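Trainee: Got a minute to go through this one with me? I'd like to talk about charges, cysteines and a few odd spots.

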Amino acid sequence: MTSRWTALADLGQSVWYDNVARPALADGHLARLVREDGVTGGTSNPSIFSKAVLESDLYDDDIRAASESDSDAQVFERCAVADIQRACDVVRPVWERTAGRDGYVSIEEEAALAFEVEPAVRRAHELRALVNRPNVMVKIPATEAGVAAFARLTREGQNINMTLLFSTERYRRIAESYVDALEARVEAGEDVSTIASVASFFVSRVDAEADRRLPAGSPLRGRAAVANAKLAYVDVFEQVFGSDRWTRLRAAGAWVQRPLWASTGTKNPHDPPTKYIDELIGEDTVTTVPDATLDAFRDSDAPPPSRATVRDGIDAARADLEALSAAGIDLDAITEQLERDGVRQFSEASEKMIEAIGAKRQSVRV
């Protein structure tokens, strides 16, 4: 049977796997997702790697081979780079078939660089060189410093995944920075057809934080995230990439920076498990999905989606955000808090990853 996921490609949406690590590579899971579900890319982070290192023995040989002089961070880097290289190779046929529009795998910069422009720029170039695959994207948090680093890196021809994005206004700055950087390349006579980027707009975390601030039983619970994402698509993506400026860049071979829906696993047990998939299907978008969401959407008895949904209920989305504001829910404050929390969580995940490597180094010596 044809997977329900393949219907999204016909509607202009790509599906990326949000659990790239060695277990999914060693047993052919990622390759099956590409072959059977139409998955066209992937992403990873230290939390995913930490879980994989602690729960499998697939990294043991690499860890055992590390020299005494290698730091735990260096061992982690080698393991992560090897996994991302392998994942890039799995989806490279997609990258080739789409002429570089799709078929990417993301590797994340260290959270410690989230507030420093120059180190973030240097590290992105280092990671790109280490992976040494044309279809790698480097993840950079969408902080103020991250936006500045992104503008530089895009101007320099790098493929960047702007992550930890919650605010439509921050998204507008990122999208406009992308256009500015590509225009500068065109004016300098440089190629723009080899540059791709996504803006990873986090979804479920917005609902979780808004619901925490709403009284029990409020009809506004569970409505902030989808409304926020829909307006990001209509008010930012469609405006920026429907402009005359973009028409000229498209003629020069440029690819749009696609919105990527991240954090799509539901956190409220009362929500349908595919809530953030069903309501955000749209042309020129990406949805990233963990295994539970992949399985839930594939196994649903509902017919495959036959039309885009991201533009549905735009007036209702605006009304929801207005009602939230009237109820004292400051969405700007929420998105600022989520950005700070996200960077902290990324940093904690990195520390846990290094600890996992250290623990495994001790155990494999026994």
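Mentor: What follows is a walk through a predicted model.

Trainee: Fine. How many salt bridges does a search of the whole structure find?

Mentor: The search finds 37 salt bridges. In general, side chains of opposite charge can pair when their charged atoms come close.

Trainee: Take Asp60 and Lys360. How do their side chains meet?

Mentor: They meet in a salt bridge, with 3.0 Å from N to O. The pair links distant parts of the chain, as Asp60 is in helix α5 (residues 60-65) and Lys360 in helix α16, 300 residues apart.

Trainee: Is Asp60 buried or exposed?

Mentor: Asp60 is buried, at a relative accessible area of 14%. Lys360 is buried too, with 10%. Both values count as buried because the cut-off is under 20% relative accessible area.

Trainee: What about Arg212 and Glu209, where do they lie?

Mentor: Both are in helix α10 (residues 204-213), three residues apart, which is about one turn of the helix. Their side chains form a salt bridge at 2.6 Å, N to O.

Trainee: And is Arg212 buried or exposed?

Mentor: Arg212 is exposed, with a relative accessible area of 58%. Its partner Glu209 counts as buried at 10% relative accessibility.

Trainee: Next, Arg298 and Asp295. What is the N to O distance in that salt bridge?

Mentor: For Arg298 and Asp295 the distance is 2.8 Å. The two are three residues apart in helix α14 (residues 291-299), so about one helical turn separates them. Arg298 counts as partly exposed at 27% relative accessibility, and Asp295 is partly exposed with a relative accessible area of 34%.

Trainee: Which residues do salt bridges with shared partners join into one network?

Mentor: That network holds Glu77, Glu110, Arg123 and Glu126.

Trainee: Changing topic to the surface. Which residues form the negative patch?

Mentor: The negative surface patch is made by Glu169, Glu176, Asp330, Asp332 and Glu336. Two elements, α9 (168-187) and α16 (331-365), each give two or more residues to the patch.

Trainee: Where is Glu176?

Mentor: Glu176 is in helix α9. At 33% relative accessibility, Glu176 counts as partly exposed. Patch residues need over 30% relative accessible area, so a partly exposed residue at 33% can be included.

Trainee: Asp332 was in that list. How far is its C-alpha from that of Leu231?

Mentor: The C-alpha atoms of Leu231 and Asp332 are separated by 14 Å, and the two residues are 101 apart along the chain. Leu231 is placed in helix α11 (residues 224-240), and Leu231 is buried, with a relative accessible area of 9%.

Trainee: Back to α9 for a second. Where is Val186 found?

Mentor: Val186 is found in helix α9. At 36% relative accessibility, Val186 counts as partly exposed. Between the C-alpha atoms of Val186 and Arg248 there are 9.8 Å, with their positions 62 residues apart along the chain.

Trainee: Now cysteines. How many disulfides does the search find?

Mentor: The search of the whole structure finds zero disulfides. Take Cys79: the nearest cysteine sulfur is that of Cys88, 16 Å away. A disulfide needs the two sulfur atoms within 2.5 Å, so Cys79 is in no disulfide.

Trainee: And Cys88, from its own side?

Mentor: Cys88 is in no disulfide either, and its nearest cysteine sulfur is that of Cys79, 16 Å away.

Trainee: Are those two buried or exposed?

Mentor: Cys79 is buried, with a relative accessible area of 4%. Cys88 counts as buried at 0% relative accessibility.

Trainee: Last topic, the backbone. What is the phi of Leu164?

Mentor: Leu164 has a positive phi of about 55 degrees, although it is not a glycine. Most residues other than glycine have a negative phi. Leu164 lies in strand β5 (residues 160-165) and counts as buried at 1% relative accessibility.

Trainee: And where is Asp284?

Mentor: Asp284 is in the loop between α13 (275-278) and β8 (285-289). Asp284 also has a positive phi, about 60 degrees, and is not a glycine.

Note on methods: Residues numbered from 1 in each chain as written. Predicted model: local features only at pLDDT ≥ 70, side-chain atom pairs only at ≥ 80, totals over all residues. Heavy atoms only, no water. Patch = residues over 30% accessible without salt bridge, like charges linked within 9 Å, V, L, I, M, F, W, Y side chains within 5 Å. Areas by Shrake-Rupley, 256 points an atom, 1.4 Å probe, with all protein chains shown as cover. Salt bridge = Lys/Arg side-chain N within 4 Å of Asp/Glu carboxyl O. Lys, Arg positive; Asp, Glu negative; His and termini not counted. Charge placed at Lys NZ, Arg CZ, Asp CG, Glu CD. Helix = DSSP H or I, 4+ residues; strand = E, 2+ residues; numbered from the N terminus. Buried < 20%, exposed > 50% of the residue type's maximum accessible area, 1.4 Å probe, protein only.
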